[in-house]
Amino acid sequence: MIKAIKGFNDILPEQAAKWLRLEKILAEVLARYGYEHIRLPIVEQTDLFARAIGGATDIVEKEMYSFIDKSEPPTPLTLRPEGTAGAVRAVIEHNLLRGDAPKLWYIGPMFRYERPQKGRYRQFHQLGVESFGSALPDADAELIAMTYLMWQMLGLKDEMQLQLNSLGESDERHAYRDALVSYLTDKQDQLDEDSKRRLSTNPLRILDSKEASTQALLADAPKLADFLSDESTAHFEQVKAYLDELGIKYEINPHLVRGLDYYNKTVFEWVTDKLGSQATVCAGGRYDGLIGQLKSMNTDKPAKSEPGVGFAMGLERLLLLIEAVAPFDDVAACDVFVVAHPDVYSAGVRFAQNLRYDRADLRIKMGGATSLKAQMKKADKSGARLTVIIAQQELDEQTISIKNMQTGEQQTVEQQWLSSTDNFSI
Ligand code: ATP
Ligand code: MG
């Protein structure tokens, strides 16, 4: 028997109903902030990700699903491992920044070749947000405030801790990198294997090493904050001031560096202690150089950049957290089940059709023109709160019989009875 590929999951109906519920709540919050939805391809040129995310990152080094397609000349393509690169590509390609500052969101599958475990899959889903055109710290704070409102709407605000850091600008990071490398070079035999390798490829990533011995070494290492310019420091202070104003608590994590190279200035993560080592539910930051960097891919000349800031949240992790601390109430697929005698089944079909037209809030199911007994059995299983029964007598009298599925009580009422929300509201 052919099975699904490891790390690629089916989302079965019971679970999928929760996804729809979650997506609706998140989309509603995005609408409150005036963010616009965008839909982007799942496949892009490999070069786009290599250039945007950075060659010495985990994603580009070992996690991408890349292949060569059949076009002439053959093009190296990659299943998107994240959404920012594609969103920036689209914004440049369609000139969306001309005279505008688009605030965009997208949702969909991402692909990374990782070791599958709880909260970590090879196909997973992100909701991503990108806010373009403003270099000001209120843009950073707005994104964080929006995620905070999402946690509030989901009953999760006390489960999430906000971690913040500033990465400054690239020249500031360069100076810091040199200082960090010279501090660690003498001590490299005390570093874990990964960090030793990163000392020459991506030294800043050593800061978020999970190894206790490496973390101990870092205690006396130079601090990135000491290398930031006055401008970067002031920007970070203003982001914090907005959060203070909004009463959103945060913790400064000087070792938060993020696994993608495009970030500058503010970076942030929302973490929880309820999901083991897959603790980060949402992560993002500013990327003021990325647009210029991707524009110059075509020209190989430096191009003018435009500021941007964004985040992505992992929807599987978010659902695991919801399940653990604030599960959705039963997401029943049915409110009203319509049963009709097989001789007058078409009258039942017409009734259900009219009711669906009148009552957008009700989920109305039928079970097929079989015996009344078989239909009643399906009604029992459906989770419906009411079953409507129509037979010849009801048809003659222009009535319906209604069975309350919780109490078993049955009554006969006018056909229009269910059209009004006063009589049956969910
Ligand atoms: P991690 O450190 O857990 O590998 P990351 O830094 O690689 O995460 P990002 O690239 O920042 O993750 O992606 C944003 C969010 O997407 C993460 O915080 C997480 O919630 C989710 N995510 C990332 N990779 C996976 C995955 N393989 N499976 C499920 N969710 C993921
Ligand atoms: Mg990762």
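Is Asp273 buried or exposed? Select Asp273 to begin the tour: with a relative accessible area of 59%, this residue is exposed. Keep in mind as you go that the model is predicted.

**Stop 1: Asp273 and its partner**

Leave Asp273 highlighted and add Lys274. Their side chains form a salt bridge, with 3.4 Å from N to O. Lys274 is partly exposed, at 39% relative accessibility, whereas Asp273 passes the 50% mark and counts as exposed.

**Stop 2: a bridge across the sequence**

Now select Glu169 and Lys265. Here too the side chains meet in a salt bridge, and the N to O distance is 3.0 Å. Color the surroundings by secondary structure: Glu169 sits in the loop between strand 7 (161-166) and helix 6 (170-185), while Lys265 belongs to strand 9 (residues 264-271), so this pair ties together parts that lie 96 residues apart in sequence. Turn on a surface for the two residues as well. Lys265 is buried, at 5% relative accessibility, and Glu169 is partly exposed, with 22%. The cut-off for buried is under 20%, so Glu169 falls in the partly exposed class.

**Stop 3: along helix 7**

Move on to helix 7, residues 193-201, and show the side chains of Asp194 and Arg197. They form a salt bridge whose closest N and O atoms are 3.4 Å apart. Look down the helix axis, too: the two residues are three apart in the chain, so about one helical turn separates them. Both ends of the bridge are partly exposed, Asp194 at 36% relative accessibility and Arg197 at 34%.

**Stop 4: a network**

Next, select Glu44, Arg89 and Glu93 together. These three residues are linked in a network of salt bridges. How many salt bridges does the structure hold? The count is 24, so there are others to look for if you care to linger.

**Stop 5: ligand 1**

Center the view on ligand 1 and display the residues around it. There are 16 of them, and the closest are Arg112, Glu114, Arg120, Tyr121 and Arg258. By character, the shell divides into seven nonpolar, four polar and five charged residues.

Switch on distance labels for three side chains. An N or O atom in the side chain of Arg120 is 2.8 Å from an oxygen atom of ligand 1. For the side chain of Gln126, the distance from an N or O atom to a ligand 1 oxygen is 3.0 Å, and for that of Arg317 it is 3.1 Å. Then try a surface view: on its own, ligand 1 has 580 Å² of accessible area, and the protein covers 86% of that.

Which strand gives the most to the shell around ligand 1? Select strand 10, which supplies four residues. Strand 10 (280-286), strand 6 (123-132) and strand 11 (308-314) each bring at least two residues to the shell.

**Stop 6: two cysteines**

Finish with Cys282 and Cys334. Cys282 is buried, with a relative accessible area of 1%. Cys334 is buried as well, at 2% relative accessibility. While the sulfur atoms are on display, how many disulfides does a search of the whole structure find? The result is zero. As a reminder of what such a search looks for, a disulfide is a covalent bond between the sulfur atoms of two cysteines.

Note on methods:
Residues are numbered from 1 along each chain as its sequence is written. Chains are lettered from A and ligands numbered from 1 in the order in which they are written. This is a predicted model: local features need pLDDT of at least 70, side-chain atom pairs count only at pLDDT 80 or more; totals for chains, interfaces and linings use all residues. Side-chain values use heavy atoms; hydrogens and water are left out. A salt bridge is a side-chain nitrogen of Lys or Arg within 4 Å of a carboxyl oxygen of Asp or Glu. Buried means under 20% relative accessible area, exposed over 50%, partly exposed in between (1.4 Å probe, protein chains only). A residue is near a molecule or strand if one of its heavy atoms lies within 4 Å of it. A polar contact is a pair of N or O atoms within 3.5 Å; within protein, one must be able to donate a hydrogen and the other to accept it, and residues adjacent in sequence count only if both atoms are side-chain atoms. Accessible areas come from the Shrake-Rupley method with a 1.4 Å probe; for residues, only the protein chains shown count as cover. Ala, Val, Leu, Ile, Met, Phe, Trp, Tyr, Cys and Pro count as nonpolar, Asp, Glu, Lys and Arg as charged, and the others, Gly among them, as polar. A disulfide is a pair of cysteine sulfur atoms within 2.5 Å.
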